[in-house]
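Please have the sequence and the structure open side by side while reading. The paragraphs below go from charged contacts to open and enclosed space, and then to backbone and surface.

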Amino acid sequence: MLLIKNGYMMDPKSGREGKYDILTAGDKIRRIGKNLLCPEEGCEVIDAEGLLVAPGLVDVHVHFREPGFTEKEDISTGAAAAAAGGFTTVVLMANTRPPVDKIETLRYVLERGRETGIHVLSCANVTMGMQGRELTSMEALAEAGAAGFTDDGVPLRDPELVKTAMERAAALDMPISLHEENPALIHNNGIHQGKASAHFGIGGSPREAEITMVERDLELALATGASINIQHISARESVELVRRAKKRGGNIHAEATPHHFTLTEEAVIRYGTLAKMNPPLREEADRLEIIRGLVDGTIDIIATDHAPHTAQEKAKPITQAPSGIIGLETALPLAITGLVDGGYLTLSQLFRLMSTNPANLYHLNAGFLAENGPADIVLIDTAARVVPERYLSKAANTPFTGWNLKGKVMRTIASGKVVYCGN
């Protein structure tokens with residue numbers, strides 16, 4: 001039993017906020033009120049004076065690399081990094097080795113997730129072996145506990161296959177998350193075709209590689225009624241396509257990463273492979289349109305695309321190093337510093353994007369604070385200075401090391417248990 005006292009509670013789902021105490025019992029919130037007392041001996045009291053008390057964050061786009069790539073990350077270290085970042089629920093992508101295209105692999109991942117202190121869910125693959133040719137047994141994988149479906153990391157190129165997958169996902173009332181890059185248009189991935197590609201003397205990835213696939217899949221989603229998530233959106237034209245499609249109805253969602261709303265292709269010139277990612281960082285106009293999309297609700301989810309790699313891999317030349325950066329331990333400070341302190345969002349709006357909305361996408365009992373609701377809670381000092389230096393992730397592939405940010409996670413509580421305690 002925990003009693004969180006004297007904090008400023010914020011529930012983005014109901015809009016309720018103010019000075020409230022929260023009493024948990026087991027994995028549930030028992031009471032929310034003023035001047036609460038411990039009802040029995042052994043109740044732990046946490047003084048949250050000066051702290052924001054909010055729902056645990058939910059990240060629907062992370063790579064924990066297990067099975068197959070545990071030199072980069074494993075489910076245990078990934079979960080520790082998540083807890084340090086204030087996340088109590090994560091949804092794993094399925095591009096492991098073997099991929100999560102069979103029930104046995106899915107069960108292994110979920111079992112390993114249950115050994116951590118947070119809620120670790122997993123998508124299953126859309127296609128067998130992520131080859132884009134044969135659909136997985138989506139119904140059986142759903143029955144075995146898959147949270148949704150994705151081949152993230154490998155775009156789905158066959159429109160008829162995508163349509164069939166969307167129809168089956170719609171029948172299951174489960175989302176499909178889509179990596180929108182057409183490989184046929186990309187000469188060197190991870191680098192925007194523009195100033196950055198010219199700097200390195202390579203072909204790069206043009207914005208059209210994303211735009212064409214976003215346009216296709218929005219039309220398919222509207223036709224099939226599928227719930228889709230346009231992942232890690234990077235181009236301003238893609239944001240506008242989503243905006244227009246949402247006005248036509250459907251069940252369309254889009255996510256932005258902290259790196260895409262914070263950085264531009266200039267970062268790749270400065271940081272090299274540490275800022276190489278798929279889709280790539282683009283121009284300032286793209287960054288600003290992504291922020292505009294977050295403000296007006298076109299983009300309704302912030303997700304990290306936490307993608308750990310070893311230092312040896314990232315030390316390779318720009319065309320050989322893998323794409324991706326870690327993000328779980330820097331996401332909240334980047335969002336508070338860039339979006340809230342930047343005057344774009346309120347804290348309540350931010351937590352809707354980082355907790356309530358992503359939970360809703362996957363129909364999760366998460367992302368809110370209420371009596372009888374889940375005791376998944378994060379305590380944050382929103383004014384505290386944060387300078388990322390050391391990480392609980394196995395990896396450190398990020399350009400944000402040493403940045404001067406704000407917003408420090410002081411406690412992360414999952415299922416009524418403290419899973420992270422900041423200094």
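With which residue does R112 form a salt bridge, and how far apart are the closest N and O atoms? The partner of R112 is E115, and the closest N and O atoms are 2.7 Å apart; a salt bridge here is a side-chain nitrogen of Lys or Arg within 4 Å of a carboxyl oxygen of Asp or Glu. This is a predicted model, in which local features need pLDDT of at least 70 and side-chain atom pairs count only at pLDDT 80 or more, while totals for chains, interfaces and linings use all residues. Residues are numbered from 1 along each chain as its sequence is written, and side-chain values use heavy atoms, with hydrogens and water left out.

The two ends of this pair are set in unlike surroundings: R112 is buried, with a relative accessible area of 18%, whereas E115 counts as exposed at 53% relative accessibility. Buried means under 20% relative accessible area, exposed means over 50%, and partly exposed lies in between, for a 1.4 Å probe and protein chains only.

A search of the whole structure finds 25 salt bridges, and two others deserve a look for the parts of the chain that they connect. The side chains of R207 and E283 meet in a salt bridge with an N to O distance of 3.7 Å. That pair links distant parts of the chain, 76 residues apart, with R207 in helix α6 (residues 207–224) and E283 in the loop between α9 and α10; helices (H or I, at least four residues) and strands (E, at least two) are DSSP runs, numbered from the N terminus. R207 is buried at a relative accessible area of 9%, while E283 is partly exposed at 29%.

R243 and D296 form another such bridge, at 2.9 Å from N to O. Here helix α7 (residues 236–247) supplies R243 and helix α10 supplies D296, so that the pair, 53 residues apart, also links distant parts of the chain. R243 is buried, with a relative accessible area of 7%, and D296 is partly exposed, at 41%. Salt bridges that share partners join these two residues with E240, R244, E289 and R292 into one network.

Turning to space within and around the fold, rolling a probe the size of a water molecule over the atoms shows where empty space is left. On a 1 Å grid over the protein atoms alone, a pocket is an open set of points with protein on both sides within 12 Å along at least five of seven lines, a cavity is a set of points where a 1.4 Å probe fits but cannot get out, and lining residues have an atom within 4 Å of a point. The largest pocket has a volume of about 610 Å³. It is lined by 19 residues, of which V386, V387, R390, K408 and Y420 are the closest to its centre. β16, β17 (405–414) and β18 (417–421) each supply at least two residues of this lining, and the largest share, 3 residues, comes from β17.

The second largest pocket holds about 520 Å³ of space. Of the 26 residues that line the second largest pocket, N95, G153, H179, N278 and S323 are the closest to its centre. As for enclosed space, the search finds 5 cavities of 30 Å³ or more, and the largest cavity holds about 70 Å³. Its lining includes H63, F64, R65 and E66, and N95 is also one of the residues there.

The backbone has some features worth locating. Most residues other than glycine have a negative phi, and most peptide bonds are trans. A cis peptide bond joins R97 and P98, with omega about 0 degrees, and P98 is found in the loop between β9 (87–92) and α2 (103–114). The peptide bond from N278 to P279 is also cis, with omega near -10 degrees, and P279 lies in the loop between α9 (266–271) and α10 (284–296). M130 has a positive phi, near 55 degrees; M130 lies in the loop between β10 (119–122) and α3 (138–143), and counts as buried at 11% relative accessibility.

Finally, α12 is largely enclosed by the rest of the structure, because 8 of its 10 residues are buried. In the loop between α12 (331–340) and α13 (347–361) is Y344, which counts as partly exposed at 36% relative accessibility.

Terms used: Points joined across faces, edges and corners; volume = space filled by probe spheres on them.
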